[in-house]
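Subject: Structure for you to look through

Dear colleague,

I am handing over the structure below, and I would be glad if you kept it open while you read the notes that follow it.

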Amino acid sequence: MVKINSLLPSNNICKDSLIEIKPKYSWREINKVRKSNKLLTFGLELSKKCNLKCIYCYADAGKLKPNELTLKETLNSIKQAYELGAKKIGIIGGGETLLYPDLFKVIDFMRDLGISVSVFTNATLITPQIAKKLFERKASIVAKCNSLNPETQDFLSGVKGSFNLIQKGIKNLKVAGYPSKGHSVVIETIICKQNFKELPDLWRWIRNQGFVPFFERLTLQGRAQDFIKQIEVTPQEIYKTFKKLLEIDKREYGYTWPLQPPWTSKVCDRHFYNAFMNSEGYIQPCSGVDIYVGNIRYQKLSEILRTSPIIQSLRYIDKNIKGYCSTCLFHKESRCYGCRGTTYQITGDILESDPYCWNNTNLRGKKYAL
(Lines give C-alpha, C1' and ligand atoms only; values in the text may rest on other atoms or scores of the structure.)
Protein backbone atom coordinates (compact mmCIF):
# COMPACT_ATOMS: atom_id res chain seq x y z
CA MET A 1 0.00 0.00 0.00
CA VAL A 2 1.31 3.44 -0.94
CA LYS A 3 1.33 5.92 1.95
CA ILE A 4 -1.43 8.45 1.35
CA ASN A 5 0.15 11.14 3.51
CA SER A 6 3.60 10.93 1.97
CA LEU A 7 3.26 14.53 0.79
CA LEU A 8 0.67 16.47 2.77
CA PRO A 9 -0.54 19.91 1.65
CA SER A 10 0.97 22.59 3.84
CA ASN A 11 -2.29 24.39 4.61
CA ASN A 12 -5.89 24.80 3.58
CA ILE A 13 -6.67 27.18 0.73
CA CYS A 14 -8.72 30.33 1.21
CA LYS A 15 -11.91 30.24 -0.85
CA ASP A 16 -11.07 33.63 -2.32
CA SER A 17 -8.05 32.11 -4.06
CA LEU A 18 -9.91 29.27 -5.81
CA ILE A 19 -8.69 28.50 -9.31
CA GLU A 20 -11.53 27.65 -11.68
CA ILE A 21 -10.73 24.89 -14.16
CA LYS A 22 -12.21 26.08 -17.46
CA PRO A 23 -12.48 24.64 -20.98
CA LYS A 24 -9.29 24.99 -23.01
CA TYR A 25 -10.88 26.56 -26.06
CA SER A 26 -13.17 29.57 -26.42
CA TRP A 27 -16.47 29.54 -28.27
CA ARG A 28 -14.84 31.80 -30.85
CA GLU A 29 -12.18 29.15 -31.56
CA ILE A 30 -14.74 26.36 -31.59
CA ASN A 31 -17.13 28.14 -33.96
CA LYS A 32 -14.32 28.95 -36.37
CA VAL A 33 -13.19 25.31 -36.44
CA ARG A 34 -16.56 23.66 -36.79
CA LYS A 35 -17.73 26.02 -39.50
CA SER A 36 -14.62 25.23 -41.55
CA ASN A 37 -14.66 21.47 -40.73
CA LYS A 38 -11.24 21.61 -39.14
CA LEU A 39 -9.67 20.41 -35.89
CA LEU A 40 -8.16 21.69 -32.69
CA THR A 41 -7.18 18.25 -31.36
CA PHE A 42 -6.86 14.72 -32.70
CA GLY A 43 -6.76 11.31 -31.05
CA LEU A 44 -4.50 8.57 -32.35
CA GLU A 45 -4.46 4.85 -31.59
CA LEU A 46 -1.25 3.15 -32.71
CA SER A 47 -2.02 -0.49 -31.93
CA LYS A 48 -4.38 -2.79 -30.04
CA LYS A 49 -1.45 -4.72 -28.57
CA CYS A 50 -1.44 -4.58 -24.77
CA ASN A 51 0.32 -6.24 -21.83
CA LEU A 52 -2.66 -5.88 -19.45
CA LYS A 53 -6.19 -7.26 -19.53
CA CYS A 54 -8.14 -4.52 -17.77
CA ILE A 55 -11.65 -5.75 -17.12
CA TYR A 56 -13.16 -2.31 -17.86
CA CYS A 57 -11.28 -1.78 -21.17
CA TYR A 58 -13.46 0.07 -23.69
CA ALA A 59 -11.27 -1.16 -26.56
CA ASP A 60 -11.07 -4.84 -25.60
CA ALA A 61 -7.32 -4.44 -26.08
CA GLY A 62 -4.76 -7.21 -26.21
CA LYS A 63 -4.95 -8.57 -29.71
CA LEU A 64 -2.87 -7.13 -32.54
CA LYS A 65 -5.16 -6.34 -35.47
CA PRO A 66 -3.97 -7.85 -38.80
CA ASN A 67 -4.62 -4.70 -40.79
CA GLU A 68 -3.07 -2.00 -38.61
CA LEU A 69 -1.60 1.09 -40.25
CA THR A 70 2.03 1.18 -41.29
CA LEU A 71 4.29 3.87 -39.85
CA LYS A 72 4.12 5.74 -43.17
CA GLU A 73 0.31 5.71 -43.11
CA THR A 74 0.25 6.86 -39.49
CA LEU A 75 2.58 9.78 -40.19
CA ASN A 76 0.48 10.76 -43.20
CA SER A 77 -2.65 10.85 -41.05
CA ILE A 78 -0.86 13.07 -38.51
CA LYS A 79 0.14 15.44 -41.29
CA GLN A 80 -3.47 15.62 -42.46
CA ALA A 81 -4.67 16.40 -38.92
CA TYR A 82 -1.98 19.09 -38.63
CA GLU A 83 -3.05 20.66 -41.93
CA LEU A 84 -6.60 20.80 -40.56
CA GLY A 85 -5.36 22.79 -37.58
CA ALA A 86 -4.78 20.19 -34.86
CA LYS A 87 -2.71 21.85 -32.12
CA LYS A 88 -2.55 18.84 -29.85
CA ILE A 89 -2.58 15.10 -30.51
CA GLY A 90 -3.22 12.46 -27.89
CA ILE A 91 -1.60 9.09 -28.52
CA ILE A 92 -4.46 7.24 -26.91
CA GLY A 93 -4.64 3.62 -25.77
CA GLY A 94 -6.57 1.01 -27.48
CA GLY A 95 -3.50 -0.99 -26.63
CA GLU A 96 -0.46 0.00 -24.60
CA THR A 97 1.24 2.91 -26.34
CA LEU A 98 4.75 2.00 -25.19
CA LEU A 99 4.57 -1.37 -26.94
CA TYR A 100 4.47 0.37 -30.32
CA PRO A 101 7.99 -0.04 -31.77
CA ASP A 102 8.05 3.31 -33.60
CA LEU A 103 6.52 5.41 -30.82
CA PHE A 104 9.38 7.90 -30.60
CA LYS A 105 9.48 8.31 -34.39
CA VAL A 106 5.81 9.29 -34.19
CA ILE A 107 6.42 11.68 -31.29
CA ASP A 108 9.42 13.28 -33.02
CA PHE A 109 7.38 13.74 -36.21
CA MET A 110 4.68 15.57 -34.27
CA ARG A 111 7.14 17.68 -32.34
CA ASP A 112 8.84 18.74 -35.58
CA LEU A 113 5.45 19.99 -36.79
CA GLY A 114 4.98 21.97 -33.57
CA ILE A 115 2.19 19.74 -32.26
CA SER A 116 1.83 19.22 -28.50
CA VAL A 117 1.87 15.52 -27.62
CA SER A 118 0.06 13.60 -24.89
CA VAL A 119 1.01 9.97 -24.33
CA PHE A 120 -1.57 7.71 -22.70
CA THR A 121 -0.03 4.70 -20.97
CA ASN A 122 -0.75 2.10 -18.31
CA ALA A 123 2.69 3.08 -16.88
CA THR A 124 3.90 -0.52 -16.45
CA LEU A 125 6.61 -0.17 -19.11
CA ILE A 126 8.04 3.21 -18.10
CA THR A 127 11.71 2.50 -17.43
CA PRO A 128 14.17 5.24 -16.43
CA GLN A 129 15.34 5.37 -20.05
CA ILE A 130 11.82 5.72 -21.47
CA ALA A 131 10.91 8.34 -18.87
CA LYS A 132 13.98 10.35 -19.89
CA LYS A 133 13.08 10.12 -23.60
CA LEU A 134 9.52 11.29 -22.90
CA PHE A 135 10.76 14.16 -20.76
CA GLU A 136 13.27 15.29 -23.40
CA ARG A 137 10.44 15.45 -25.95
CA LYS A 138 8.18 17.41 -23.58
CA ALA A 139 5.46 14.78 -23.86
CA SER A 140 2.57 15.18 -21.46
CA ILE A 141 1.75 11.91 -19.75
CA VAL A 142 -1.64 10.39 -18.96
CA ALA A 143 -0.92 7.35 -16.78
CA LYS A 144 -3.47 4.85 -15.53
CA CYS A 145 -3.68 4.11 -11.81
CA ASN A 146 -6.92 2.74 -10.41
CA SER A 147 -5.96 1.91 -6.86
CA LEU A 148 -3.32 2.20 -4.15
CA ASN A 149 -4.24 -1.29 -3.01
CA PRO A 150 -2.12 -3.89 -4.85
CA GLU A 151 -4.87 -6.52 -4.90
CA THR A 152 -7.48 -4.10 -6.23
CA GLN A 153 -5.16 -2.70 -8.89
CA ASP A 154 -4.10 -6.16 -10.05
CA PHE A 155 -7.73 -7.33 -10.19
CA LEU A 156 -8.82 -4.38 -12.33
CA SER A 157 -5.73 -4.69 -14.56
CA GLY A 158 -6.25 -8.41 -14.99
CA VAL A 159 -2.52 -9.10 -14.42
CA LYS A 160 -0.84 -9.99 -11.15
CA GLY A 161 2.03 -7.67 -10.27
CA SER A 162 0.72 -4.73 -12.30
CA PHE A 163 0.47 -2.53 -9.18
CA ASN A 164 4.21 -2.70 -8.53
CA LEU A 165 5.02 -2.02 -12.18
CA ILE A 166 2.71 1.01 -12.26
CA GLN A 167 4.25 2.47 -9.11
CA LYS A 168 7.76 1.93 -10.52
CA GLY A 169 6.73 3.64 -13.74
CA ILE A 170 5.33 6.65 -11.88
CA LYS A 171 8.49 6.83 -9.77
CA ASN A 172 10.63 6.79 -12.92
CA LEU A 173 8.63 9.71 -14.31
CA LYS A 174 9.33 11.71 -11.16
CA VAL A 175 13.05 10.91 -11.27
CA ALA A 176 13.14 12.06 -14.91
CA GLY A 177 11.71 15.46 -13.91
CA TYR A 178 7.94 15.06 -14.03
CA PRO A 179 5.89 16.98 -13.09
CA SER A 180 7.37 20.37 -13.96
CA LYS A 181 6.70 23.27 -16.30
CA GLY A 182 5.88 21.87 -19.72
CA HIS A 183 5.90 18.31 -18.36
CA SER A 184 2.51 17.46 -16.88
CA VAL A 185 1.29 14.13 -15.57
CA VAL A 186 -2.39 13.24 -15.43
CA ILE A 187 -3.42 10.15 -13.46
CA GLU A 188 -6.46 8.55 -15.05
CA THR A 189 -8.72 6.41 -12.85
CA ILE A 190 -11.76 4.42 -13.92
CA ILE A 191 -14.46 4.42 -11.26
CA CYS A 192 -15.41 0.84 -10.39
CA LYS A 193 -17.10 -0.92 -7.50
CA GLN A 194 -13.73 -2.29 -6.36
CA ASN A 195 -11.95 1.09 -5.98
CA PHE A 196 -14.99 3.21 -5.19
CA LYS A 197 -14.43 3.68 -1.42
CA GLU A 198 -10.78 4.70 -1.74
CA LEU A 199 -11.27 7.42 -4.35
CA PRO A 200 -10.93 10.39 -1.94
CA ASP A 201 -7.63 9.01 -0.61
CA LEU A 202 -6.42 8.28 -4.15
CA TRP A 203 -7.37 11.84 -5.18
CA ARG A 204 -5.30 13.32 -2.36
CA TRP A 205 -2.35 11.07 -3.18
CA ILE A 206 -2.41 12.23 -6.81
CA ARG A 207 -2.67 15.91 -5.89
CA ASN A 208 0.11 15.57 -3.32
CA GLN A 209 2.48 14.26 -6.00
CA GLY A 210 1.83 17.38 -8.09
CA PHE A 211 -0.11 15.32 -10.64
CA VAL A 212 -3.58 16.04 -12.03
CA PRO A 213 -6.36 13.60 -11.06
CA PHE A 214 -8.74 12.53 -13.82
CA PHE A 215 -11.50 10.20 -12.61
CA GLU A 216 -14.10 8.98 -15.08
CA ARG A 217 -17.11 6.72 -15.34
CA LEU A 218 -17.02 3.44 -17.17
CA THR A 219 -17.40 3.58 -20.94
CA LEU A 220 -19.88 0.80 -21.62
CA GLN A 221 -18.27 -0.86 -24.60
CA GLY A 222 -15.56 -3.42 -25.30
CA ARG A 223 -14.57 -5.66 -22.39
CA ALA A 224 -16.51 -3.53 -19.89
CA GLN A 225 -19.74 -5.00 -21.24
CA ASP A 226 -18.68 -8.48 -20.10
CA PHE A 227 -17.91 -7.37 -16.53
CA ILE A 228 -20.50 -4.63 -16.04
CA LYS A 229 -22.38 -6.38 -13.22
CA GLN A 230 -19.14 -6.86 -11.28
CA ILE A 231 -17.77 -3.35 -11.59
CA GLU A 232 -20.65 -0.91 -12.18
CA VAL A 233 -21.29 2.00 -9.80
CA THR A 234 -24.67 3.77 -9.82
CA PRO A 235 -25.06 7.36 -11.07
CA GLN A 236 -26.16 8.42 -7.59
CA GLU A 237 -23.01 6.97 -6.01
CA ILE A 238 -20.87 8.68 -8.64
CA TYR A 239 -22.58 12.00 -7.94
CA LYS A 240 -21.89 11.74 -4.21
CA THR A 241 -18.25 10.90 -4.92
CA PHE A 242 -17.78 13.73 -7.44
CA LYS A 243 -19.29 16.12 -4.91
CA LYS A 244 -16.92 14.93 -2.18
CA LEU A 245 -13.90 15.21 -4.49
CA LEU A 246 -14.92 18.73 -5.46
CA GLU A 247 -15.17 19.66 -1.78
CA ILE A 248 -11.69 18.23 -1.18
CA ASP A 249 -10.32 20.18 -4.14
CA LYS A 250 -11.86 23.45 -2.95
CA ARG A 251 -10.90 23.07 0.70
CA GLU A 252 -7.44 21.52 0.43
CA TYR A 253 -6.04 22.44 -2.99
CA GLY A 254 -7.79 25.61 -4.16
CA TYR A 255 -9.42 24.23 -7.32
CA THR A 256 -13.03 24.34 -8.44
CA TRP A 257 -14.72 22.75 -11.43
CA PRO A 258 -18.24 22.01 -12.75
CA LEU A 259 -19.96 19.15 -10.93
CA GLN A 260 -21.06 17.21 -13.99
CA PRO A 261 -20.48 13.85 -15.70
CA PRO A 262 -18.66 11.99 -17.11
CA TRP A 263 -15.32 13.28 -15.73
CA THR A 264 -13.97 15.06 -12.71
CA SER A 265 -12.09 18.36 -12.97
CA LYS A 266 -12.34 18.56 -16.76
CA VAL A 267 -15.02 19.55 -19.25
CA CYS A 268 -15.58 17.14 -22.15
CA ASP A 269 -16.36 19.30 -25.17
CA ARG A 270 -14.24 17.39 -27.67
CA HIS A 271 -17.01 16.68 -30.17
CA PHE A 272 -16.98 20.31 -31.24
CA TYR A 273 -13.42 20.11 -32.58
CA ASN A 274 -11.92 16.61 -32.30
CA ALA A 275 -11.74 13.31 -34.18
CA PHE A 276 -10.15 9.96 -33.39
CA MET A 277 -8.39 7.41 -35.61
CA ASN A 278 -7.99 3.79 -34.57
CA SER A 279 -5.07 1.53 -35.44
CA GLU A 280 -6.69 0.35 -38.67
CA GLY A 281 -7.30 3.86 -39.97
CA TYR A 282 -10.99 4.11 -39.13
CA ILE A 283 -12.15 7.55 -38.06
CA GLN A 284 -14.47 7.79 -35.05
CA PRO A 285 -16.02 10.80 -33.27
CA CYS A 286 -13.89 9.88 -30.23
CA SER A 287 -12.31 6.78 -28.72
CA GLY A 288 -15.44 6.18 -26.64
CA VAL A 289 -17.81 6.18 -29.61
CA ASP A 290 -17.24 3.05 -31.67
CA ILE A 291 -18.93 4.30 -34.83
CA TYR A 292 -16.78 4.26 -37.96
CA VAL A 293 -17.44 7.28 -40.19
CA GLY A 294 -14.70 6.64 -42.75
CA ASN A 295 -11.21 5.24 -43.26
CA ILE A 296 -8.15 7.35 -43.90
CA ARG A 297 -6.78 4.74 -46.32
CA TYR A 298 -9.59 5.51 -48.74
CA GLN A 299 -10.56 9.09 -48.00
CA LYS A 300 -8.86 12.28 -46.93
CA LEU A 301 -9.46 13.21 -43.32
CA SER A 302 -10.87 16.56 -44.48
CA GLU A 303 -13.44 14.80 -46.67
CA ILE A 304 -14.51 12.47 -43.84
CA LEU A 305 -15.07 15.36 -41.43
CA ARG A 306 -16.96 17.38 -44.04
CA THR A 307 -19.27 14.62 -45.29
CA SER A 308 -19.98 12.47 -42.23
CA PRO A 309 -23.53 13.05 -40.89
CA ILE A 310 -22.41 11.73 -37.48
CA ILE A 311 -19.47 14.13 -37.22
CA GLN A 312 -21.59 17.04 -38.42
CA SER A 313 -24.37 16.33 -35.94
CA LEU A 314 -21.86 16.17 -33.06
CA ARG A 315 -20.06 19.33 -34.18
CA TYR A 316 -23.33 21.11 -33.37
CA ILE A 317 -24.38 18.98 -30.44
CA ASP A 318 -25.29 22.14 -28.53
CA LYS A 319 -28.15 22.52 -31.01
CA ASN A 320 -28.86 18.84 -31.73
CA ILE A 321 -28.80 17.12 -28.33
CA LYS A 322 -32.15 15.66 -27.30
CA GLY A 323 -34.35 15.16 -24.29
CA TYR A 324 -33.40 16.25 -20.79
CA CYS A 325 -29.86 17.20 -21.80
CA SER A 326 -31.17 19.88 -24.18
CA THR A 327 -32.67 21.88 -21.29
CA CYS A 328 -30.06 21.18 -18.59
CA LEU A 329 -28.24 24.23 -17.22
CA PHE A 330 -24.89 22.44 -17.47
CA HIS A 331 -25.44 22.01 -21.20
CA LYS A 332 -25.89 25.74 -21.63
CA GLU A 333 -23.36 26.99 -19.07
CA SER A 334 -20.44 24.55 -19.21
CA ARG A 335 -20.67 22.60 -22.48
CA CYS A 336 -21.87 19.41 -20.77
CA TYR A 337 -23.50 16.74 -22.90
CA GLY A 338 -22.73 13.63 -20.85
CA CYS A 339 -20.91 10.75 -22.47
CA ARG A 340 -21.84 10.13 -26.08
CA GLY A 341 -20.23 6.68 -26.04
CA THR A 342 -22.25 5.39 -23.11
CA THR A 343 -25.38 7.06 -24.46
CA TYR A 344 -24.96 5.38 -27.83
CA GLN A 345 -24.28 1.96 -26.32
CA ILE A 346 -27.39 2.09 -24.14
CA THR A 347 -29.91 3.99 -26.26
CA GLY A 348 -28.69 3.42 -29.82
CA ASP A 349 -29.01 7.18 -30.43
CA ILE A 350 -25.83 9.23 -30.21
CA LEU A 351 -27.82 12.44 -29.65
CA GLU A 352 -30.10 11.15 -26.88
CA SER A 353 -29.81 12.26 -23.26
CA ASP A 354 -27.17 10.48 -21.20
CA PRO A 355 -29.07 7.82 -19.17
CA TYR A 356 -26.18 7.51 -16.72
CA CYS A 357 -26.30 11.17 -15.71
CA TRP A 358 -27.47 11.58 -12.11
CA ASN A 359 -29.58 14.62 -13.13
CA ASN A 360 -31.49 12.75 -15.83
CA THR A 361 -34.67 11.11 -14.55
CA ASN A 362 -36.62 11.30 -17.81
CA LEU A 363 -35.27 8.06 -19.25
CA ARG A 364 -36.09 5.81 -16.31
CA GLY A 365 -38.56 3.07 -17.11
CA LYS A 366 -37.52 2.66 -20.73
CA LYS A 367 -35.95 -0.55 -21.97
CA TYR A 368 -32.44 0.83 -21.47
CA ALA A 369 -33.05 2.25 -18.00
CA LEU A 370 -30.59 1.55 -15.22
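A helix here is a DSSP run of H or I with at least four residues, and helices are numbered from the N terminus. With that in mind, T74 lies in helix α2. Please remember throughout that this is a predicted model.

Is T74 buried or exposed? Residues count as buried when their relative accessible area is under 20%, and T74, with a relative accessible area of 4%, is therefore buried. Leaving aside residues up to four places away in sequence, T74 touches L44, L46, L69, Y100 and V106.

The helix that holds T74 also packs against another one. Helix α2 (residues 71–83) and helix α3 (residues 103–113) meet at an angle of about 25 degrees, and their axes are 11 Å apart. Because angles under 35 degrees count as roughly parallel, α2 is described as roughly parallel to α3. The crossing of the two helices is right-handed. On the α2 side the contact is made by L71, T74, L75, I78, K79 and Y82, while α3 contributes K105, V106, F109, M110 and L113. Sorted by class, this contact of α2 with α3 has eight nonpolar, one polar and two charged residues.

A second pair of helices can be described in the same terms. The axes of helix α4 (residues 128–136) and helix α6 (residues 162–176) come within 8 Å and cross at roughly 50 degrees, and α4 and α6 are therefore oblique to each other. This crossing, too, is right-handed. Here P128, A131, K132 and F135 in α4 meet N172, L173 and A176 in α6, and the residues of this contact divide into five nonpolar, one polar and one charged.

It may help to turn next to the interior. In soluble globular proteins, nonpolar side chains tend to be buried together. The largest nonpolar core in this model has 87 residues, of which L39, F42, I91, V106, L134, I141 and L301 touch the most other members. Helix α9 (residues 235–253) supplies the largest share of this core, namely six residues. A second, separate core has 16 residues, including C54, I55, C192 and Y356.

Which residues does I91 touch, if those up to four places away in sequence are not counted? They are L44, L46, T97, L103, V106, I107, M110, V117, S118, V119 and F120. You will recognise V106 from the contact between α2 and α3, and V106 is also one of the residues that T74 touches.

I19, which is found in strand β1 (residues 19–20), makes a useful contrast with T74. I19 has a relative accessible area of 46% and is partly exposed. Although I19 and K250 are 231 residues apart in sequence, their C-alpha atoms are 8.7 Å apart in space. Again not counting residues up to four places away in sequence, I19 touches G254, Y255 and T256.

Finally, please look at helix α14 (residues 340–347), whose buried residues are R340, G341, T342, T343 and T347. These buried residues pack against α11 (309–315) and α12 (317–320). Just after α14 comes G348, which takes a positive phi of about 80 degrees.

With best wishes

Key:
Residues numbered from 1 in each chain as written. Predicted model: local features only at pLDDT ≥ 70, side-chain atom pairs only at ≥ 80, totals over all residues. Heavy atoms only, no water. Core = buried A, V, L, I, M, F, W, Y, C linked by side-chain atoms within 4.5 Å. Buried < 20%, exposed > 50% of the residue type's maximum accessible area, 1.4 Å probe, protein only. Contact = heavy atoms within 4.5 Å. Axes fitted to C-alpha atoms, helices over the stretch in contact; angles between N-to-C directions. Parallel < 35°, antiparallel > 145°, perpendicular 65-115°, else oblique. Left-handed = near helix turned anticlockwise from the far one by under 90°. Nonpolar A, V, L, I, M, F, W, Y, C, P; charged D, E, K, R; others polar.
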